Amino acid sequence: MASVAEPDTKSDLDAFRDEVRAFLAENFPPELRGKNNLLSSVEEAGEESPEEKSWRLAMGEKGWGTPTWPKEYGGGGLTKKQARALEEEMAKVGAWNPIGGMGVMMLGPTLLEFASEEQKHEHIPPICKGEVRWCQGYSEPNAGSDLANLQTMAEDKGDHYLVNGQKTWTSGGQWADKCFCLVRTSRADKHKGISFLLIDMDAPGVDVKPIKMISGMSPFCETFFTDVKVPKDNLVGEEGQGWTIGKKLLQHERTNLSGGGALAALNAQPLHKIAEHYVGLGEDGKLADAELRVKIADFEMRWNAFLLTARRAMEESKAAGGVSDISSILKKAGTRLGQERAELMIEIMGFRGLGWEGEGFEQKELDGTRAWLFGKATTIYGGSTEIQNNIIAKRILGMLDHQ
């Protein structure tokens, strides 16, 4: 990713902050405060309101939805300090980034490193503007943790590939416009026979079947490819380079599933404030349930220490040229803490945290119950905790297998 010189003086940042404040005053609709980024969810985005569309278009035009990406591809071209200032000024007025999803979290950074110039100019600008929704075609029924065992075949037909096979756990596949997919172009070598293809989800022969989860949601799909024609221009990198590209993309995914994704929780309401609502305060002004008070204090210290560590690790990785194997540590620690937080939320809400549907419960309580159940999958998808342990042992600690 192209580097940009940092501002030399405080006045540079002050001037930039003034620009951001003016932009927000003119473009961010106040009625959107507290809403979510539709594109960041693996659930159906739903219909975009006029205010949401206006906000997305404004941020996309500035490139500030992907603030540090190069301007030549539609990004903001901002320095790290400017990006931090943008984040801080947005937080002050309750504004949120309307550009997101797998295109931003995973594919875009990968294309910036591996794609041809033609592919960058074709695919990255729509990501920066939130115009295209991407999904991931990695796991298969017999190739989950052992991803290199994938069997979806892309047969060379001259000017195109003919793709046949099946993927599973395709997040948001039923709503996606395009899919970045690992396919086998050769059976001669397990790893070197894998390539990285970009596939249109509306191409003839692509079928998706949603998978219903224990949470009641269907964010994942089975995806079937039957004689799907994919232009040769949609090959990223070279044939056989898919395993290398795919591993780098997974590092981006793991960072965002844990460290990057969890950073959004810095602005979430603290657990002790939620507990005050459900449990109440004693005469001494402290949370009435002493045992719960200790649990919350212990968790909040560990949670905030992780969030700050994750931010530092992400910035250090970007300064060194991108993500690294540290993403496995972030993924392992962050997802487990996320599960702990969801479980503690249920305990705080008491019987009101056990609702599934119907009257008598607030929507946020019902959402919390489903989020708690959905969160059980976070230590599995994106590379299970066991896989992260292997990566940490081998690539970070240098522990090699011995016969």
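In the predicted model, the side chains of Glu48 and Arg56 meet in a salt bridge, with a separation of 2.7 Å from N to O. The two partners differ in their exposure to the surroundings: Glu48 counts as partly exposed at 30% relative accessibility, whereas Arg56 is buried, with a relative accessible area of 11%. A second salt bridge is formed by the side chains of Arg302 and Glu340, at 2.8 Å from N to O, and this pair links distant parts of the chain, since Arg302 belongs to helix H8 and Glu340 to helix H9 (residues 326-349), 38 residues apart. Arg302 is partly exposed, with a relative accessible area of 33%, and Glu340 is likewise partly exposed, with a value of 24%.

The count of salt bridges comes to 20. One of them joins Arg21 to Asp18, the closest N and O atoms of the two being 2.9 Å apart. Both of these residues lie in helix H1 (residues 10-27), where a spacing of three residues corresponds to about one turn of the helix. Arg21 is partly exposed, with a relative accessible area of 39%, and Asp18 also counts as partly exposed, at 47% relative accessibility. The pair does not stand alone, for Arg17, Asp18, Arg21, Glu88, Glu89 and Lys92 are linked in a network of salt bridges.

Aromatic contacts were examined next. The structure holds nine aromatic pairs. In one of them, the rings of Trp169 and Phe220 have their centres 5.8 Å apart and their planes at 90 degrees, so the pair is classed as edge-to-face. Because Trp169 lies in the loop between S3 and S4 while Phe220 lies in strand S7, the pair ties together parts that are 51 residues apart in sequence. Phe220 is buried, with a relative accessible area of 6%, whereas Trp169 is partly exposed, with a relative accessible area of 45%. In another pair, the ring centres of Phe299 and Trp303 are 5.5 Å apart and the planes are at 25 degrees; an angle under 30 degrees counts as stacked, so the pair of Phe299 and Trp303 is stacked. Both residues lie in helix H8 (residues 290-319), the helix that also carries Arg302, and they are four residues apart, about one turn of the helix. Phe299 and Trp303 are both buried. Elsewhere, Phe16, Phe23, Phe28, Trp55 and Trp64 form one aromatic cluster.

Aromatic rings also take part in contacts with charged side chains. The charged end of Lys232 sits over the ring of Tyr161, at 5.2 Å from the ring centre, and Arg370 lies over the face of Trp356, at 3.8 Å from the centre of that ring.

With regard to backbone geometry, Trp169, the residue paired with Phe220, has a phi near 60 degrees, a positive value in a residue other than glycine. The loop in which Trp169 is found runs between strand S3 (160-167) and strand S4 (178-184). A positive phi, near 50 degrees, is also found for Asp227, again a residue other than glycine. Asp227, however, is found within strand S7 (residues 220-231), the strand that holds Phe220. Asp227 is partly exposed, with a relative accessible area of 46%.

Strand S1 (residues 134-137) has Trp134 and Gln136 pointing one way and Cys135 and Gly137 pointing the other way, and all of these residues are buried. S1 is joined to S4 by four bridges, and the two strands run parallel. Within this pairing, the bridge partner of Trp134 in S4 is Lys178.

At the surface, Ile329, Ile396, Leu397 and Met399 make a nonpolar patch of about 350 Å². Among the residues of this patch, Leu397 is placed in the segment after helix H11 (385-396). Leu397 has a relative accessible area of 55%; a residue is called exposed over 50%, so Leu397 counts as exposed.

Key. Residues are numbered from 1 along each chain as its sequence is written. This is a predicted model: local features need pLDDT of at least 70, side-chain atom pairs count only at pLDDT 80 or more; totals for chains, interfaces and linings use all residues. Side-chain values use heavy atoms; hydrogens and water are left out. Patches are made of residues with over 30% relative accessible area and no salt bridge: like charges are joined within 9 Å, nonpolar side chains (Val, Leu, Ile, Met, Phe, Trp, Tyr) within 5 Å. Accessible areas come from the Shrake-Rupley method with a 1.4 Å probe; for residues, only the protein chains shown count as cover. A salt bridge is a side-chain nitrogen of Lys or Arg within 4 Å of a carboxyl oxygen of Asp or Glu. Buried means under 20% relative accessible area, exposed over 50%, partly exposed in between (1.4 Å probe, protein chains only). Rings of Phe, Tyr and Trp (its six-membered ring) pair if their centres lie within 6.5 Å; planes under 30 degrees apart count as stacked, over 60 as edge-to-face and the rest as tilted. A charge sits over a ring if NZ of Lys or CZ of Arg is within 6 Å of the ring centre and within 35 degrees of the ring normal. Two strands pair if DSSP finds at least two bridges between them.
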